[in-house]
Amino acid sequence: MLADLKNKSLKALTPEGRDVRAYDIRDVSHYVYALAEPGLGRKTKAERDAAVELATLCGGLPLAIRIAGARLASRPHWRIDVLVGRLRNSVRRLDELSYRGLVLRSNISQSYRALRPTARRLFRLFALSTTHDFPSWTAAALLDIDPFEAYEVVEGLIEAQLLDTVQYPGENLRYRFHDLIRVFATERLHDEEPEAERTRVVERLLGAWLARAKHAHRKEYGGDYTILHGTAPRWGGARELEDVDDMGDQIEWLESERRSLVSAVHVAADHGMSEVCWDLALTSVTLFEIKGHFDDWRETAERALAATEAAGNRRGYAAMLYSLGAMHLFQVRLDDADRCLSSALESFEEEGDEHGCALVLRHGATVNRMRNRNAAMRASYEAALEKMRAVGDLVGEAHILQSLAKMWIDEGDADTARGMLETALERFRRVGYLRGEAQALNRSAELFLFTNQVEEARQALNRVLLIVRDIGDRIGEAHALCRLGVVRQRTGRLDNAETTLQHALSLAEQVGQRMVAGMAHYALGEIALSRGQGAAGADHAEAANTVFAELGSAVWHAKALVLRSDIQQGQGARHLAARDLHLAIDLLGTVHSAEASRLRDELERDRGNAVFR
């Protein structure tokens with residue numbers, strides 16, 4: 001039985017009749033020592049890397065390690081990497097692990113044959129899960145039975161030692177195959193399950209993952225807002241899964257299943273299921289965006305893009321272009337964002353997908369804002385707002401309203417901005433979307449600063465920090481800390497302001513928010529200047545200039561040039577100071593906005609000062 005693989009004595013293997021120890025999978029050195037026991041000491045020293053890989057391929061099963069060591073001892077002309085090369089082939093691995101009547105496959109097979117038919121089938125079907133570990137509820141989807149019944153079948157596999165448990169901190173119990181047992185399960189899957197049945201099971205499993213990811217998105221956003229879904233079927237039993245696997249906090253659940261969601265996208269692509277592939281990839285952005293998992297975002301979106309293109313799935317292809325465009329926008333790669341969003345808009349228009357068009361136009365407007373194309377920005381936001389309202393996307397509508405409020409703040413129209421922010425807050429609160437509420441409050445704090453209501457700004461930002469820290473929104477926290485640092489700077493609390501801004505800078509760099517990092521550098525430069533710390537101020541001003549120049553943010557770039565000019569003037573570099581002021585004026589002349597005009601007029605009035613000569 002399988003228990004023999006892990007615990008029993010293998011005295012027949014060697015003349016000394018040593019007992020097998022239970023080697024810790026985390027300490028490969030134990031395995032290498034075990035390989036050396038049958039007389040391989042010199043080999044393991046000379047080929048340590050190969051010995052480590054060999055021990056790892058044996059996966060910690062003492063029987064497998066002893067068989068590998070005995071085979072090498074009986075063939076002294078073999079280098080260790082010869083056996084490693086043979087074991088790398090997972091199809092042949094079990095065949096290779098045999099010696100003088102001791103065959104690993106036969107031990108596993110005894111345990112397998114002793115199972116009830118349903119348990120044997122679940123054992124085979126678990127091989128379809130490509131992740132290292134998986135939650136128990138997947139058994140219900142694989143077998144298409146009640147979750148509680150499926151749980152009992154899983155426990156039977158545990159009792160037979162054909163399945164292991166694993167517990168990660170703060171997560172529910174999960175299950176996994178030993179690597180060599182997975183090889184056996186995969187063999188049984190292909191030998192005993194017809195291809196058509198395997199496909200149906202994969203469809204059910206992916207349908208369950210999609211249903212759960214969709215449920216998580218709904219809990220986060222208060223409904224199917226700012227998301228597109230396809231026509232791929234969900235598994236019918238998904239609603240009962242909460243009884244055995246309570247999702248709890250939706251973002252924490254998504255985080256715990258991140259590896260599985262990424263894997264599910266690849267499985268869907270491998271099986272040519274493009275509809276569920278793109279739907280899973282887009283729904284997973286709920287997590288990737290909040291936590292800044294840009295590598296996973298790119299990996300899944302690009303895989304789904306290729307799958308939808310190969311299948312001629314035009315709507316799915318457009319959705320993945322939109323997703324990639326959103327990712328590029330978050331990382332402030334504006335050329336890439338513009339290219340993807342423009343192509344997505346064209347495809348959505350051809351498909352007559354109003355919701356898709358609204359989502360793309362919203363992000364396209366943001367690209368236009370960051371490129372100082374204000375007329376195009378306003379037109380895109382207004383077109384997106386009309387479409388969002390037509391399809392009933394309350395969260396999408398609120399996002400656009402707070403973006404338009406930013407435009408009116410820059411234009412100096414506080415009343416219009418205030419009305420839009422009040423409406424945005426009402427929409428977010430109506431559906432219970434906390435992250436959206438935090439974003440609208442952050443924008444309200446910007447408005448309060450503009451109207452010199454500093455205490456109101458501080459109160460709004462304290463509420464923002466409570467929300468974003470509670471929901472784990474590190475990007476939102478970086479934005480809020482940066483603005484709170486400015487509030488403390490405005491009230492003369494420079495020590496607190498500096499500490500807060502340094503924290504914001506560190507967090508912004510961790511989550512890839514370069515615009516926030518640039519703004520933090522700018523504010524820190526102002527603080528250093530006010531304290532007469534010219535060298536520190538120059539470093540921050542230079543960093544801010546670099547960031548804003550690379551991002552193409554003309555107004556902020558001009559502000560950073562003015563800051564650098566002030567610092568240079570204090571250091572006696574009058575010629576350099578005058579040059580930066582001229583550059584700032586020229587740069588502001590390329591931007592058609594009220595804010596840019598106000599700044600440029602102020603600088604123009606100073607042209608007569610000595611610093612310009």
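Q: Where does glutamate 240 lie?
A: First, a heads-up: this is a predicted model, in which local features need pLDDT of at least 70, side-chain atom pairs count only at pLDDT 80 or more, and totals for chains, interfaces and linings use all residues. Residues are numbered from 1 along each chain as its sequence is written, and side-chain values use heavy atoms, with hydrogens and water left out. Helices (H or I, at least four residues) and strands (E, at least two) are DSSP runs, numbered from the N terminus. As for glutamate 240, you'll find this residue in the loop between α13 (195-221) and α14 (250-256).

Q: Does glutamate 240 count as buried, partly exposed or exposed?
A: Here's the scale: buried is under 20% relative accessible area, exposed is over 50%, and partly exposed is in between (1.4 Å probe, protein chains only). Glutamate 240 has 36% relative accessibility, so the residue counts as partly exposed.

Q: How are the rings of phenylalanine 123 and phenylalanine 184 arranged?
A: Rings of Phe, Tyr and Trp (its six-membered ring) pair if their centres lie within 6.5 Å; planes under 30 degrees apart are stacked, over 60 edge-to-face, and the rest tilted. The whole structure holds 15 aromatic pairs. In this one, the ring centres are 6.1 Å apart and the planes sit at 50°, so the pair is tilted.

Q: Which helices does that pair link?
A: The two rings come from distant parts of the chain, 61 residues apart. Phenylalanine 123 belongs to helix α9 (residues 117-125), while phenylalanine 184 belongs to helix α12 (residues 179-192), so the answer is α9 and α12.

Q: Are phenylalanine 123 and phenylalanine 184 buried or exposed?
A: Phenylalanine 123 has a relative accessible area of 0%. For phenylalanine 184 the value is 3%, so the two rings are buried.

Q: How are phenylalanine 294 and tryptophan 297 arranged as an aromatic pair?
A: Their centres are 6.0 Å apart, with 10° between the planes. Both residues lie in helix α18 (residues 294-311), three residues apart, about one turn of the helix. With that angle, the pair is stacked.

Q: Which helices do arginine 124 and glutamate 192 lie in?
A: Their side chains meet in a salt bridge (a Lys or Arg side-chain nitrogen within 4 Å of a carboxyl oxygen of Asp or Glu), at 3.0 Å, N to O. The pair ties together parts that are 68 residues apart in sequence, because the two residues sit in helices α9 and α12.

Q: What is the relative accessible area of arginine 124, and what is that of glutamate 192?
A: Arginine 124 is buried, at 8%. Its partner glutamate 192 is partly exposed, at 34%.

Q: Which residue forms a salt bridge with arginine 188?
A: The closest N and O atoms of this pair are 2.8 Å apart. The partner lies in helix α12 like arginine 188, three residues apart, about one turn of the helix. At 56% relative accessibility the partner counts as exposed, and it is aspartate 191.

Q: How many residues apart are glutamate 437 and arginine 463?
A: Their side chains meet in a salt bridge (3.4 Å, N to O). Glutamate 437 is in helix α25 (residues 434-450) and arginine 463 in helix α26 (residues 454-471), and the separation is 26 residues.
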